[in-house]
Amino acid sequence: MLPLVNAFLLVGLSLVFARSAPAQRPDSTARLRVRVTHEGAPVADALVRAGRLATQTDSAGEARLVLPAGSHHLVVSRIGFQPHALTLSLLAGADTTIRVAFEAAVAEMEAILVSATRNERRVEDLPLRVEVIDEEEVAEKVSMTPGDIAMMLNETAGLRVQVTNPSLGGANVRMQGLLGRYSLLLADGLPLYGGQAGGLGLLQVPPVDLGRVEVIKGAASSLYGPGASGGVVNLISRRPEEQASRTLLVNQTSRGGTDGVVFVSAPLTERIGYTLLAGMHRQLAQDVDDDAWIDVPGYRRVVVRPRGYFDDGAGRTAFVTAGFTGEGRDGGTRDGRVAPDGRPFAEGLRTRRADAGALARWLVRDSTSAWHGAIVTLRGSAMRQRHEHTFGPVREDDVHRTAFGEASVAVPRGAATWVGGVAWQQDAYRSRRLPMFDYTFTIPAVFAQVDVDAASWLVVSTSARVDAHNVYGTAVNPRASLLARRPADGMLAGWSTRASAGLGSFAPTPFTDETEVTGLSALVPLSGLVAERVVSASFDVGGPIALTRGRIELQATAFGSRVRRPLQVLDAPAGAVDRFQLVNAGGPTHTWGGELLGRLVRPLGADDDAPALRVTATYTYLRSRECDVDVSHARGCPRREVPLTPRHAAGLVASVEQEGRSRVGLEVYHTGRQALHRNPYRAMSRPYVIVGVLGERAVTVGAATARLFINFENLTNVRQTRYDPLLLPSRGPGGRWTTDAWTDLAGFTMNGGVRLVF
């Protein structure tokens, strides 16, 4: 089936491209040669557009076009440089040569090439909004939690890291109010953590080797299939630099946590380089409120990930990676102590995960080919993850497997960039004790996307993907996005407006927030379920405001989503004590809200090395209502607030940094009330404020630089067990012993360490 689909797609695109290139008589054309340089050196791979025709510069910085005689508007652009536009007149039969001298892009963000959308555009040129956590923000979070990325995502507007299993510390990320199972976690565009990362995926990814993080909120199934119906988090690794570098990080927390990480980056030749990440992480189990139940689970983890990179400088690149994660987690009761029923209840999870992936990309330069200027991309990965679960006396061992492959081609043709491709993914689950939950999902797919620069101020993007799920049928998931930009002059120069809407689908599995806590033994075998369908839309407007010194960036977003046939948990029929079942609710889940973001960057002196003040303020308003399946109603399904969804959330982050020398930061986060479900202590959580302070200082030690850091997290000592017990008075649905976690469980924590770079 895939070869036929691929052939059909290639033939169809070829016909479209053939139709888009109008024929010209030899005596009515002119030849144009464009030479592109930067500081006297030639610039390769610059895109040269003239109306509907386009080409790219070669290694000598030259591009050639044959154009109709007459007036033409020419645009020359490349990532990392300011675009150059000019109008010129060409005479029939004449040869014309022009020279373009590039200037480096002023804003650092303009140099970021977003890979999550496959169209090789700068982040500010994308109709689909992609939020980027840049390398500077990543480095700041490394000093706070070098063992995982949970805090980094939790402090991003519109994202909330929700603890799914308080006993073992499992967590997932909710995007704009949608449940965490709809979010897809990728590494360099590959599902190295599986089609669904599960409750521990975020907690097993150290951020030391990350260059940036790309976040797409809302249904992204048109790009990445059923697993991305709520959004995508794409972790982009750091590339090798021209000079070898080594980083050693050691961190210790006041709650018994220890981290040791080594990161090595080096070139092997002019074209080949590598990086290596190796980390060991340990956390001592903590019973913070001394109630015989572990509030901070203990764990020991080792992570190893080598990566190799190839770049020939002529448009051909390749990337390979492999990784291993081994971890043991322990929770529940400890030291012979017992639960309220008078018996010990130990929880544990042993994880062994191995993965491998590769990506190759090359630029077709043959000017005689219809594919001249096309970018061909191949990517693939495989993952195997083994779990050994212990829920008191019950043990559940299982294996998760994911295999993935994709081939795509991106072709700039005039004002449009066309993308087409095929993909194949298989997710499999096998359980030794509970084989009734085994599944194998095989999903071949075909997708297409087109981005059109309709005008200098307007970009339109449409994409669609067809997934042929072997169990839940075929799903068609389209998405459309629009970007409108203000002119380059005036008070609101650089401001833009984006609108986007898309469909997504999600195939039911037995893994939900509830089964993260109870295991599958408490679940009735799945029966009669259908795929969930998600429709989401967003509208945002924002841009910079230049100041005499520094600038302000403002962003406002409105969003909404609707989930049809959402999967929810319902008590099992009479006779099945302490068991529950998964059902498609009779009514949809509606979510809507808005985000506000303001960012100030201001130098505190006239010198180039003067410290800079950075202030970021965020606010999120969120409403989410779902069908209350616990209450039957003759006229339909009653509505309730989705549990653990705060209506108001705000954050303020301020820092003063002197580049390469020191940094002092302050963080203040407010979280409003949240509806709670089946919590015997309260129906609505309390609002709370968490405050943190960070300090860093760089010290030169010979040829090395040591960055000393200390972080005071949760100075207000917010802790759920200060208000109510985490432990239930008796076992709840499915045999669980804990309530849901609606705030921090550890309380005040201090950590400090050193990051040595040499």
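Strands, like helices, are here DSSP runs numbered from the N terminus, a strand being a run of E with at least two residues. In this predicted model, serine 245 lies in strand 17, which covers residues 245-253. The relative accessibility of serine 245 is 14%, and because buried means under 20%, this residue counts as buried. When residues up to four places away in sequence are left aside, serine 245 touches Phe263, Val264, Ser265 and Phe758.

The protein as a whole contains five helices and 41 strands. Of its 758 residues, 53% are buried, and the accessible surface comes to about 31,900 Å², with carbon and sulfur atoms accounting for 58% of that area. Among the contacts with a separation of 6 or more, 64% are between residues that stand 24 or more positions apart.

The pairing of strands can be followed through strands 25, 26 and 27. Strand 25 (residues 416-431) and strand 26 (residues 439-455) run antiparallel and are joined by 14 bridges; within this pairing, tyrosine 429 stands opposite tyrosine 439 of strand 26. Strand 26 also runs antiparallel to strand 27 (residues 458-469), to which it is joined by nine bridges, and the connection between strand 26 and strand 27 is a hairpin of two residues. Valine 450 has threonine 462, in strand 27, as its bridge partner. In a regular strand, the side chains alternate between the two faces of the sheet.

Side chains of opposite charge can pair when their charged atoms come close. The count of salt bridges in the model comes to 43. One of the salt bridges is formed by arginine 337 and aspartate 287, with a distance of 3.6 Å from N to O. This pair links distant parts of the chain, since arginine 337 belongs to the loop between strand 21 (316-332) and strand 22 (346-363), whereas aspartate 287 belongs to the loop between strand 19 (272-283) and strand 20 (298-311), 50 residues apart. Arginine 337 is partly exposed, having a relative accessible area of 31%, while aspartate 287, with a relative accessible area of 16%, is buried.

A further salt bridge is found between arginine 301 and glutamate 327, whose closest N and O atoms are 2.7 Å apart. Because arginine 301 lies in strand 20 and glutamate 327 lies in strand 21, the pair ties together parts that are 26 residues apart in sequence. Both partners are buried: the relative accessible area of arginine 301 is 3%, and the relative accessibility of glutamate 327 is 1%.

Arginine 707 and glutamate 696 likewise form a salt bridge, with 3.1 Å between the closest N and O atoms. Arginine 707 is located in strand 40 (residues 704-713) and glutamate 696 in strand 39 (residues 688-701), so this pair ties together parts that are 11 residues apart in sequence. Arginine 707, at 14% relative accessibility, counts as buried, as does glutamate 696 at 5%. Elsewhere, Asp571, Glu626, Asp628, Asp630, Arg640 and Arg678 are joined into one network by salt bridges that share partners.

Definitions and conventions:
Residues numbered from 1 in each chain as written. Predicted model: local features only at pLDDT ≥ 70, side-chain atom pairs only at ≥ 80, totals over all residues. Heavy atoms only, no water. Salt bridge = Lys/Arg side-chain N within 4 Å of Asp/Glu carboxyl O. Helix = DSSP H or I, 4+ residues; strand = E, 2+ residues; numbered from the N terminus. Buried < 20%, exposed > 50% of the residue type's maximum accessible area, 1.4 Å probe, protein only. Contact = heavy atoms within 4.5 Å. Areas by Shrake-Rupley, 256 points an atom, 1.4 Å probe, with all protein chains shown as cover. Pairing = 2+ DSSP bridges.
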